[in-house]
Amino acid sequence: MTEEAITTPPRELGGCPVFHTDYRLERPALETYRLLNADREASRFAWNDSTEEGFWVINRFDDVREALQRGDDFTNDQVSAFHRSPAMRLIPENLNQPEHAEMRKILNPFFAPKLVRRIADLAQERATALVADIAPRGSEDMATGFGMLYPTELFLALLGLPVEDGTTLMPWVEGQFTGFFDKTPEGQEVAAQTRQALDEYFTAAITDRRANPGDPTTDLVTRLITAEYQGAPIPDDMILTICSTIMSAGLDTTRSALGYTFLHMATHPEDRQLLIDEPELWPNAVEEIIRLYGLVFQDGREAAHDIDFHGLPIKKGDLVWLGLAAANQDPRAFDNPEKFDPERDNLTQHLGFGAGFHRCLGMHLARAELVVALTEWHKHIPHYHIAEGTELRERGSQLRLQSLPLVWD
């Protein structure tokens, strides 16, 4: 796939320029952010023709935040600007109001700050054990090792499933992500096989919970099979979709956030030293990393009807790109936006977790997981660098470092 224009704008664009950059492509690490920032400064709005259908581009902070909060105009029937997905492929992401609010009421207790405190001891225990095992080796690929296993184990604990199943799930998780981002026949075949394996795994868990219910206040699978949605028990196929969605949303983003955090700290020793000296700053540092390194760099939406969005002539059914990462480095919203500053005044006012009704379900859990992991790692492995000769690459569509080999004495 090239970055040449492959479509012709289907209508009058209201004077907007046409962007051709294909953000689905793998690139050298951090190049995507440079391209996103350039697009944002080139024009307030644009049309991007890098996909078969094309989509509107909204990249500046105030505009992105406003669109995220206008759920009646920009619906979640589609949640990616890159392609259209089957209906209800992701739950609760694909739900609109009021169905979304009803489903979130079922799920929210498992991702609220109270839950984070409940699993804090487990997070600490697993981080401590994993770092103790890794430290003597002198090296670790953060993209495929600690950065993946740690969040996978916590995800299983959240669902009330055996933590030791983490090593079994990891290759299936990888296959699932392959299906999201690789639309070739080979990629879709891998995705189909791993989706079947995951469905079988979660089906077995559902069957077990029906026979041996757990505590619905601490076991998410039990909660889902005992809850009512729209006046009836939740169907098993919907429970499977919910489990798969939560897994996909939580594991990839946490793993990716760890990767970019370690990349930053490995290449900015002064920032790393600050946090070694003042580990109480890690919660602030995590917030700033989430702003600075947006992993889900676009939220897709579908126009519910014809909309004049500040002069943008959007038609019903159009796909719309809401540029979270570009907005988070918008100089109109953040002073020195490309600088890591864990003590900036508006530290938490970013869009790294989205905004509006669909603000990230797992944001409290993600923050807590990252703080525990990073604090524990730097307590035992404070100094490290990237292995010499490494060419760092990042996946397109939703950012992740493909490899990040760290070494230390």
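A residue counts as buried under 20% relative accessible area, as exposed over 50%, and as partly exposed in between, with a 1.4 Å probe and protein chains only. This is a predicted model, in which local features need pLDDT of at least 70 and side-chain atom pairs count only at pLDDT 80 or more, while totals for chains, interfaces and linings use all residues. Residues are numbered from 1 along each chain as its sequence is written, and side-chain values use heavy atoms, with hydrogens and water left out.

The structure holds 27 salt bridges, each being a side-chain nitrogen of Lys or Arg within 4 Å of a carboxyl oxygen of Asp or Glu. Three of them are listed here.

| Acidic residue | Basic residue | N to O distance |
|---|---|---|
| Asp-133 | Arg-137 | 2.7 Å |
| Glu-140 | Arg-137 | 2.9 Å |
| Asp-236 | Arg-210 | 2.5 Å |

Glu-140 is buried, at 10% relative accessibility, whereas its partner Arg-137 is partly exposed, with a relative accessible area of 47%. Asp-133, which also forms a salt bridge with Arg-137, is partly exposed at 46%.

The salt bridge between Asp-236 and Arg-210 links distant parts of the chain, since Asp-236 lies in helix H9 and Arg-210 in helix H7 (residues 185–211), 26 residues apart; helices are DSSP runs of H or I with at least four residues, strands are runs of E with at least two, and both are numbered from the N terminus. Asp-236 is partly exposed at 36%, and Arg-210 is partly exposed at 43%. Elsewhere, Arg-40, Glu-41, Asp-330 and Arg-332 are joined into one network by salt bridges that share partners.
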